[in-house]
Amino acid sequence: MKRDIRIKWFFPHPVEEVWECLTNPELVNTWLMKNDFRPVVGHHFQFHARPLPKMGWDGIVYCEVLELKPNERLVYSWKGGPRPGVITLDTLLTWTLAPVQGDTEMILEHTGFKGMKNMLSSIFMERGWKKGITRRFENVLKERGYEQA
Amino acid sequence: MSRLNYDPFQAIADNNRRQILMMLSEKSLSINLLADQFDISRPAVSKHIKVLEETGFISIRQEGRERLCELNSAGFDAVREWLTYYDQFWKRKLQNLEALLEQRKKGKKGR
């Protein structure tokens, strides 16, 4: 099963411009979502969008800036859930920029999607379930094809 | 069809329901046999089973006089939907970004 999203995108604009659009909260607001981002490692911020109740998401993304290298690399966590305090989506967002003859090649990686199998496993693990039971559970899921590429 | 009151995440947020899923991961069980494993009342167990059925984690079929519960795949597909959702989400957003960059470039030239 596919676990990550990786998108390569070419912009006919200099990296400095692209970086500005990635890190200036007002600009991020116009193309992505309402936010209180600040380009500071350790800064906690949020994105706000329309809730998606069907998918168990209240419309708030909880983030923390983890890495910041101007014009090159930006990493932040990307978490969400059905209501405040309950995180069911715990992922990572990585933006990588590279100059190509005055233009920009961007790679966007959204990683850490755990899938229900891992999610259940981690819940079971946390609760101190016996490893054997978890493994049996995993095997059942495997048989049912959740492990397929 | 019954109405969905719970989302899949709420469904597995409950300890009893997770336990039911664990038991069913070993083998399919009748509602009676499942209920025997719990200290809580039978109606309470039935309620949990109903939630799991409504959210697609398990399915129930009649076998003789027994109602047999087994794991179902629908609930497990829910998280997979995130991937599909975000794949489209980001492509849409990157198109926005492209438009914004273009707009800013034009604005600069015009100045």
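User: Before turning to the folds, how much surface does chain B expose, and what share of it do carbon and sulfur atoms supply?

Analyst: This is a predicted model, and an area is best read together with the kind of atom that provides it. Chain B exposes about 6,200 Å², with 46% of that supplied by carbon and sulfur atoms. For chain A the accessible surface comes to about 7,800 Å², and 51% of it belongs to carbon and sulfur atoms.

User: What percentage of the residues in each chain counts as buried?

Analyst: Burial here rests on a cut-off, namely a relative accessible area under 20%. By that criterion 45% of the 111 residues in chain B are buried, while in chain A the figure is 46% of 149 residues.

User: How should I read the secondary structure of chain B, and in what order do its elements run?

Analyst: One can take the inventory before the order. Chain B has 5 helices and 3 strands, and from the N terminus on these elements follow the pattern α-α-β-α-α-β-β-α.

User: In what order do the strands of chain B lie in the sheet?

Analyst: The order within a sheet has to be read from the pairing, and in chain B the 3 strands form an open sheet in the order β1-β3-β2, with antiparallel pairing. The edge strands are β1(B), residues 29-30, and β2(B), residues 58-63, each of which pairs on one side only. Between β1(B) and β3(B), the latter covering residues 66-71, the antiparallel pairing extends over 2 bridges, and within β3(B) it is Cys69(B) that stands opposite Leu29(B).

User: Which strands does helix α2 of chain B touch, and at what angle does the helix run to β3(B)?

Analyst: Helix α2(B), residues 15-26, packs on the sheet and touches β1, β2 and β3 of chain B, its direction making about 95 degrees with that of β3(B). Helix α4(B), residues 42-54, lies across β2 and β3 of chain B and runs at about 115 degrees to β2(B).

User: Turning to chain A, how many helices and strands does it have?

Analyst: Chain A has 4 helices and 7 strands, and read along the sequence they give the pattern β-α-α-β-β-β-β-β-β-α-α.

User: Why is helix α1 of chain A described as largely enclosed?

Analyst: The reasoning is a count of buried residues along the element: 7 of the 9 residues of α1(A), which spans residues 15-23, are buried, so this helix is largely enclosed by the rest of the structure. Among the buried residues are Trp19(A), Leu22(A) and Val18(A), and also the charged-named position Glu17(A).

User: Why can strand β5 of chain A be called largely enclosed, too?

Analyst: The count is again the argument, because 6 of the 8 residues of β5(A), residues 73-80, are buried and the strand is therefore largely enclosed by the rest of the structure.

User: Which strands pair with β5(A), and over how many bridges?

Analyst: Strand β4(A), residues 60-69, pairs with β5(A) in the antiparallel sense over 5 bridges, and 8 bridges join β5(A) to the antiparallel strand β6(A), residues 89-100. Val75(A) in β5(A) shows both pairings, since Glu67(A) stands opposite it and Val75(A) in turn stands opposite Thr94(A) in β6(A). As a general idea, the side chains of a regular strand alternate between the two faces of the sheet.

User: How many residues lie between β4(A) and β5(A) in their hairpin?

Analyst: The hairpin has 3 residues between β4(A) and β5(A), and Asn71(A) in the turn has a positive phi of about 65 degrees.

Key:
Residues numbered from 1 in each chain as written. Chains lettered and ligands numbered in written order. Predicted model: local features only at pLDDT ≥ 70, side-chain atom pairs only at ≥ 80, totals over all residues. Heavy atoms only, no water. Pairing = 2+ DSSP bridges. Contact = heavy atoms within 4.5 Å. Axes fitted to C-alpha atoms, helices over the stretch in contact; angles between N-to-C directions. Buried < 20%, exposed > 50% of the residue type's maximum accessible area, 1.4 Å probe, protein only. Areas by Shrake-Rupley, 256 points an atom, 1.4 Å probe, with all protein chains shown as cover.
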